[in-house]
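Please open the model in a viewer and keep the selection tool at hand. The tour below proceeds by selection, stating at each stop what is to be found.

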Amino acid sequence: MMHYFLRKLLRLILILPLVAAATFLLLNLLPGDVALALLGNEATPAAIAQMRAELGLDQPLVLRYLHWLTGFMHGDLGRSHITQVPVMESILDRLPVTIELMLLAQGFALLLAVPSGVLCAYKAGSWADRLISSAALLLLAAPVFITAILLMFLFALKLRWLPSTGYVPLMSDPLGNLAHLALPALAIALSEWPPLFAVLRADMIKTLQQDYIALARAKGLGPAFILLRHALRPSSFTLVTISGLQIAAAITGALVVETIFGLPGIGRMLTGAVYNRDMMLVQGCVAVIATGYVLINFGVDLIYALLDPRIRR
């Protein structure tokens, strides 16, 4: 296991600089002039040139990248062009909100996907299977902002069970924190549940057709024991892969959901940075998100090794 871990760690160390380079180049090759966007169309050429010099935009791209990469490796992502606040400080202030939202959303999605996937695989072709599969297709086609608005209308405006907007820190009021994050997390979870359900159902159906499952039934083991003990674990590899990717990809839903529900997360901050052409903040947010993708993939590889010891070899 240690040899497997070290190999994956070495690969992680090699990939992170490539991710940083791709992030920097993609954002710096976009059309437009940041200095002109900050100063406005009425700015004089001299003022634009001075602003470009202050921001380092007059330097060659390679030098700018090396300077930014050095800061990235030391946790320094520069300063916001708008607020003059260090980018890393702004990200660290907002990141806990988004991480909690993503973890809650993925938890809700798994709580829906695992029981429904196992049930529909065991009862494949039944009315319950057709009903749940139809609901999954319906939610798969629904944009996350539509789901968020419908949940807000039902649970916040009509039933008044949960607050519609705002945020309460976890440490100051745990119950209030969960109440404010319940609807946003559920909105993202309902969009993440269909693929998780579909892959688990398909893999479970294949697993239940294996010879060792027939042997377990011949030994008189109960259906629940067979499903949870013998069938679920070998059927969960694709589920783990998609679940890991969805945790990082949930930032896409957070861009919309955090704005709808008024959550002070990194998705809402990134949206505002794009509108304000605050390229240093956008660059820092994208770099952190891309790094999150890589780290989550690293974690998924380790979970694979725990689920199936053969992968370590």
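Begin with helices α5 and α6, whose crossing is left-handed. The coordinates belong to a predicted model. Select residues 87-122 for α5 and residues 127-141 for α6. The two helices pack at an angle of about 140 degrees, and their axes are 8 Å apart. The arrangement therefore counts as oblique, because only angles over 145 would be called roughly antiparallel.

Next, display the side chains at this helix pair. On the α5 side, select S116, L119 and C120; they meet A128, D129 and I132 of α6. Two of these residues, S116 and D129, serve as the next stops.

**Stop: S116**

Centre the view on S116 in helix α5. Is this residue buried or exposed? S116 has a relative accessible area of 10%, so it is classed as buried, the limit being under 20%. Now add W193 to the selection: the side chains of S116 and W193 make a polar contact at 3.1 Å. Leaving out residues up to four places away in sequence, S116 touches I132, W193 and F197.

**Stop: D129 and R201**

Move to D129 in helix α6 and add R201, which lies in helix α8 (residues 174-207). What joins these two side chains? They meet in a salt bridge, with an N to O distance of 2.8 Å. The two residues are 72 residues apart, and the pair links distant parts of the chain. The count of salt bridges comes to 1. Colouring by accessibility separates the partners: D129 is buried, at a relative accessible area of 4%, whereas R201 is partly exposed, at 22%.

**Stop: F108**

Return to helix α5 and select F108. With a relative accessible area of 28%, F108 is partly exposed. Show A182, A185, L186 and A189 together with F108: these are its contacts once neighbours within four places in sequence are set aside. Then draw a C-alpha to C-alpha distance from F108 to W193, the residue already selected as the polar partner of S116. How far apart are F108 and W193 in sequence and in space? They are separated by 85 residues in sequence and by 8.4 Å in space.

**Stop: R160**

Select R160, in the loop between α7 (144-158) and α8. A backbone torsion readout is useful here: R160 has a positive phi of about 55 degrees, although it is not a glycine. Is R160 buried or exposed? Its relative accessibility is 67%, so R160 counts as exposed.

**Final view: the whole chain**

Clear the selection and colour by secondary structure. How many helices and strands does the protein have? There are 13 helices and 0 strands. Reading along the sequence accordingly gives the pattern α-α-α-α-α-α-α-α-α-α-α-α-α. Colouring by burial next, one finds that buried residues make up 39% of the 313 residues. Finally, a contact map may be placed beside the model. Among contacts between residues at least 6 apart in sequence, 74% join residues at least 24 apart. The salt bridge between D129 and R201, whose partners are 72 residues apart, can be located on that map as a closing exercise.

Notes: Residues are numbered from 1 along each chain as its sequence is written. This is a predicted model: local features need pLDDT of at least 70, side-chain atom pairs count only at pLDDT 80 or more; totals for chains, interfaces and linings use all residues. Side-chain values use heavy atoms; hydrogens and water are left out. A salt bridge is a side-chain nitrogen of Lys or Arg within 4 Å of a carboxyl oxygen of Asp or Glu. Helices (H or I, at least four residues) and strands (E, at least two) are DSSP runs, numbered from the N terminus. Buried means under 20% relative accessible area, exposed over 50%, partly exposed in between (1.4 Å probe, protein chains only). A polar contact is a pair of N or O atoms within 3.5 Å; within protein, one must be able to donate a hydrogen and the other to accept it, and residues adjacent in sequence count only if both atoms are side-chain atoms. Contact means heavy atoms within 4.5 Å. Axes are lines fitted to C-alpha atoms, for helices over the stretch in contact, and angles run from 0 to 180 degrees between N-to-C directions. Angles under 35 degrees count as roughly parallel, over 145 as roughly antiparallel, 65 to 115 as roughly perpendicular and the rest as oblique. A crossing is left-handed if the near helix is turned anticlockwise from the far one by less than a right angle, and right-handed if clockwise.
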